[in-house]
Amino acid sequence: MLEVAYDEALRGLAEGGIPIGAALFDADGTLLGRGHNRRVQSGDPSVHAETDAFRAAGRRRDYGSTIMVTTLSPCWYCSGLVRQFGIGSVVVGEARTFSGGHDWLAEHGVAVTVLDDRRCIDLMTTFIAEYPALWHEDIGVADGIEGYEHRK
């Protein structure tokens with residue numbers, strides 16, 4: 001399942017965007033929707049990878065058996081989406097370069113698996129080093145990573 005999300009992250013990078021990808025699956029592994037961060041491409045700050053995959057999946061009566069797979073720990077916005085719709089499981093490619101709300105999700109009953117995938121870590125580490133201003137914009141920090149501490 002991570003392959004789908006990782007391919008989406010590479011798509012986003014190729015489009016000049018932030019390389020974060022996600023996919024939503026049913027419990028049996030059926031792909032429901034896939035997407036990537038399109039904040040730069042669309043000029044819309046709300047199009048994160050998880051929201052893009054969620055929208056692509058379309059409406060469902062119940063999300064409890066679904067699995068959100070994302071290349072990077074979900075931010076608070078995307079963690080809120082998981083909680084709002086009761087997505088039952090989240091698989092995180094990596095949480096080293098950014099640790100969002102995955103611990104909070106786990107505390108609230110979401111099954112969370114952090115894979116610590118080397119490809120995901122390398123992709124984000126390289127991107128952050130090459131485009132620090134864009135990265136800080138994406139996580140909502142105007143003056144650098146130090147400003148992020150108050151949001152945890």
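This is a short dialogue on how to read the structure above, which is a predicted model.

Visitor: Where do I start with the strands? In what order do they form the sheet?

Guide: Start with the neighbours of each strand. Here five strands form an open sheet, in the order β2-β1-β3-β4-β5. The pairing is mixed.

Visitor: Which strands are the edge strands?

Guide: Look for strands that pair on one side only. In this sheet they are β2 and β5, the latter spanning 111-114.

Visitor: By how many degrees are neighbouring strands turned against each other?

Guide: The average in this sheet is 15 degrees, with direction ignored.

Visitor: Let me take one pair. In what sense do β1 and β2 pair, parallel or antiparallel?

Guide: Antiparallel, over five bridges. Strand β1 covers residues 21-25. To find your place, use L24, which stands opposite G33 in β2.

Visitor: How many residues lie between the strands of that hairpin?

Guide: There are five. Check the backbone there too: G29 takes a positive phi near 90 degrees.

Visitor: Which residue has a positive phi although it is not a glycine?

Guide: That is D116, with a phi of about 55 degrees. D116 is found in the loop between β5 and α6. Its relative accessible area is 35%, so D116 is partly exposed.

Visitor: Now the helices. Which strands does α3 lie across?

Guide: Helix α3 lies across β1, β2 and β3, where β3 is 67-70. Against β2, α3 runs at about 145 degrees.

Visitor: What about nonpolar cores? How many residues has the largest one?

Guide: It has 26 residues. Seven names are worth finding: I20, L24, F54, M68, I87, V90 and W135 have the most contacts inside this core. Two or more residues each come from β1, α3, α4 (76-85), β4 (89-92) and α6 (118-130). Helix α3 gives the largest share, four residues.

Visitor: Take M68. Which residues is M68 in contact with, leaving aside neighbours within four places in sequence?

Guide: The list includes A22, A23 and L24. M68 also contacts E50, F54, L81 and I87, and then S89, V90 and V91.

Visitor: What lies apart from the largest core?

Guide: Another core, of 12 residues. Among them are A5, A9, V91 and C120.

Visitor: Next, charges. Why look for salt bridges at all?

Guide: Because side chains of opposite charge can pair when their charged atoms come close. In this model the count comes to 10 salt bridges.

Visitor: Which side chain meets R34 in a salt bridge?

Guide: The side chain of E8, at 2.6 Å from N to O. This pair links distant parts of the chain: R34 is in strand β2, E8 is in helix α1 (residues 2-14), and they are 26 residues apart. Compare their surroundings. R34 is partly exposed at 29% relative accessibility. E8 has a relative accessible area of 2%, so E8 is buried.

Visitor: And which side chain meets D52 in a salt bridge?

Guide: R38 does, at 2.7 Å. R38 is in the loop between β2 and α2, and D52 is in helix α3 (residues 49-57). The two are 14 residues apart. R38 counts as partly exposed, at 28% relative accessibility. D52 counts as buried, at 12%.

Visitor: How many residues apart in sequence are the parts that D138 and R39 tie together?

Guide: Take the bridge itself before the answer. The side chains of D138 and R39 meet at 3.4 Å, N to O. D138 lies in helix α7 (residues 132-138) and R39 in helix α2, so the pair ties together parts that are 99 residues apart. Both D138 and R39 are buried. Elsewhere, salt bridges that share partners join E3, D117 and R119 into one network.

Visitor: One last residue, H36. Is H36 buried or exposed?

Guide: Buried. The relative accessibility of H36 is 1%, and under 20% counts as buried. H36 sits in strand β2 (residues 31-36). A polar contact of 2.5 Å joins the side chains of H36 and E8. Beyond four places in sequence, H36 touches residues including A9, R11, I20, Q41, V47 and D52.

Key
Residues are numbered from 1 along each chain as its sequence is written. This is a predicted model: local features need pLDDT of at least 70, side-chain atom pairs count only at pLDDT 80 or more; totals for chains, interfaces and linings use all residues. Side-chain values use heavy atoms; hydrogens and water are left out. Buried means under 20% relative accessible area, exposed over 50%, partly exposed in between (1.4 Å probe, protein chains only). A polar contact is a pair of N or O atoms within 3.5 Å; within protein, one must be able to donate a hydrogen and the other to accept it, and residues adjacent in sequence count only if both atoms are side-chain atoms. Contact means heavy atoms within 4.5 Å. A salt bridge is a side-chain nitrogen of Lys or Arg within 4 Å of a carboxyl oxygen of Asp or Glu. Two strands pair if DSSP finds at least two bridges between them. Axes are lines fitted to C-alpha atoms, for helices over the stretch in contact, and angles run from 0 to 180 degrees between N-to-C directions. A nonpolar core is a set of buried Ala, Val, Leu, Ile, Met, Phe, Trp, Tyr and Cys residues joined through side-chain atoms within 4.5 Å.
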